[in-house]
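User: I'd like to learn how to read cavities, pockets and salt bridges in a model. Could we go through them together, one feature at a time?

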Amino acid sequence: MGYYIDLSKMSLNELKENLKSRNLLPSQQILKKDIDKNFNVIRKQNIEDLHQLQQVLKTKNKVKEFSDLAGLTVDYLTILRREVNSYHPQPRKIKDFPGLSPDTKEKLEKNDIKTTPQLYQKVALKKDRDELKKELGFDEEETLVLAKICDVSRLRYVNPAFATLLLNSEYDTVEKIKNATPDDLYQNLVKVNENKKYYKGRINPKDMEFLVNETLNVLLDVEY
């Protein structure tokens, strides 16, 4: 188990099909152009999975080297690199979650638990949550909320505000989101977020389709 998915287990073909099926931002549209041809070029460099691709695009210098080797543009590879890296979202800071009490944040901070990956190791399993309860004086409900925060924060582009919205909705775990229809998810989140009390951004129906699909890239390994 782990906070992040194992990129070596996601094939190049899976990434390609994912890109084909998604509505990409204007800045990402380059990834769809000649996608079969470009991915064949990448595969010819003995790259079969996302971990291998991440490694050859790890730095700007490596991007330039791979561009010269494969004949793909630096611009294309730079955007592809961002896409691959997005499968390992930036750790979210515990202090940024508006739904947690100052006391909870302070206790975690004092025990050097400052980010969601660090917290995940303490709350994903029931036995670890029981240990954290004893150690920091949390109650059952509090530790369960912490587990759900880590769970949904593993989904790409879920920031602390949107995670807080999810936690206050019917879809407060990755498994529940996975089993939802995008329309039901959208309707429930809009209702819960009335007057933008949790999330200030726009909730887009298409984004809900993306969110449901993203659950396929997260292990259902948090115990409830």
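User: By class, how many nonpolar, polar and charged residues are in the lining of the largest cavity?

Analyst: Happy to start there, and please keep in mind that this is a predicted model. The general idea is that rolling a probe the size of a water molecule over the atoms shows where empty space is left. Here the lining of the largest cavity is made of six nonpolar residues, one polar residue and three charged residues. Its members are Tyr3, Tyr4, Ile5, Tyr87, Arg154, Leu155, Arg156, Glu214, Asn217 and Val218.

User: How many cavities of 30 Å³ or more does the count come to, and what volume does the largest cavity have?

Analyst: The count comes to one cavity of 30 Å³ or more. The volume of the largest cavity is about 70 Å³.

User: Let me pick one lining residue. Is glutamate 214 buried or exposed?

Analyst: To read burial, compare the relative accessible area with the cut-off: under 20% is buried. Glutamate 214 has a relative accessible area of 3%, so this residue counts as buried.

User: Where in the fold is glutamate 214, and which residues does glutamate 214 touch?

Analyst: Glutamate 214 belongs to helix 13, which covers residues 205–214. Leaving aside residues up to four places away in sequence, the contacts of glutamate 214 are Asn18, Leu155 and Arg156. Leu155 and Arg156 also appear in the lining of the largest cavity.

User: Now the pockets. What volume does the largest pocket have, and which residues are closest to its centre?

Analyst: A pocket, unlike a cavity, is an open set of points. The largest pocket has about 610 Å³. Its lining has 23 residues, and those closest to the centre are Asn23, Tyr157, Lys206, Asp207 and Phe210. Helix 13 contributes the most to this lining, with seven residues. Sorted by class, the lining of the largest pocket holds 10 nonpolar, seven polar and six charged residues.

User: And what lines the second largest pocket?

Analyst: The second largest pocket has a volume of about 400 Å³. Its lining has 14 residues, with Ile5, Met10, Glu14, Leu216 and Asn217 nearest its centre. Of these, Ile5 and Asn217 are also named in the lining of the largest cavity. Helix 1 gives the largest share of this pocket's lining, three residues, while helix 1 and helix 13 each supply at least two. The classes divide into five nonpolar, four polar and five charged residues.

User: Let's finish with salt bridges. How many does a search of the whole structure find?

Analyst: The search finds 20 salt bridges. One of them joins aspartate 36 and lysine 16, with the closest N and O atoms 3.1 Å apart. This pair links distant parts of the chain, 20 residues apart: aspartate 36 is in helix 2 (residues 35–43) and lysine 16 in helix 1 (residues 12–21). Lysine 16 is buried at 10%, whereas aspartate 36 is partly exposed at 36%.

User: Which residues are linked with these two in a network of salt bridges?

Analyst: The network links Lys16, Glu17, Lys20 and Asp36.

User: What N to O distance is found for aspartate 172 and lysine 176?

Analyst: Their side chains meet in a salt bridge at 2.8 Å. Aspartate 172 is buried, at 8% relative accessibility, and lysine 176 is partly exposed, at 37%. Another salt bridge pairs lysine 133 with glutamate 140, where the closest N and O atoms are 2.5 Å apart. Glutamate 140 has a relative accessible area of 42%, so this residue counts as partly exposed.

Conventions:
Residues are numbered from 1 along each chain as its sequence is written. This is a predicted model: local features need pLDDT of at least 70, side-chain atom pairs count only at pLDDT 80 or more; totals for chains, interfaces and linings use all residues. Side-chain values use heavy atoms; hydrogens and water are left out. Helices (H or I, at least four residues) and strands (E, at least two) are DSSP runs, numbered from the N terminus. Buried means under 20% relative accessible area, exposed over 50%, partly exposed in between (1.4 Å probe, protein chains only). Contact means heavy atoms within 4.5 Å. On a 1 Å grid over the protein atoms alone, a cavity is a set of points where a 1.4 Å probe fits but cannot get out, and a pocket is an open set with protein on both sides within 12 Å along at least five of seven lines; lining residues have an atom within 4 Å of a point. Grid points are joined across faces, edges and corners, and a volume is the space filled by probe spheres set on the points. Ala, Val, Leu, Ile, Met, Phe, Trp, Tyr, Cys and Pro count as nonpolar, Asp, Glu, Lys and Arg as charged, and the others, Gly among them, as polar. A salt bridge is a side-chain nitrogen of Lys or Arg within 4 Å of a carboxyl oxygen of Asp or Glu.
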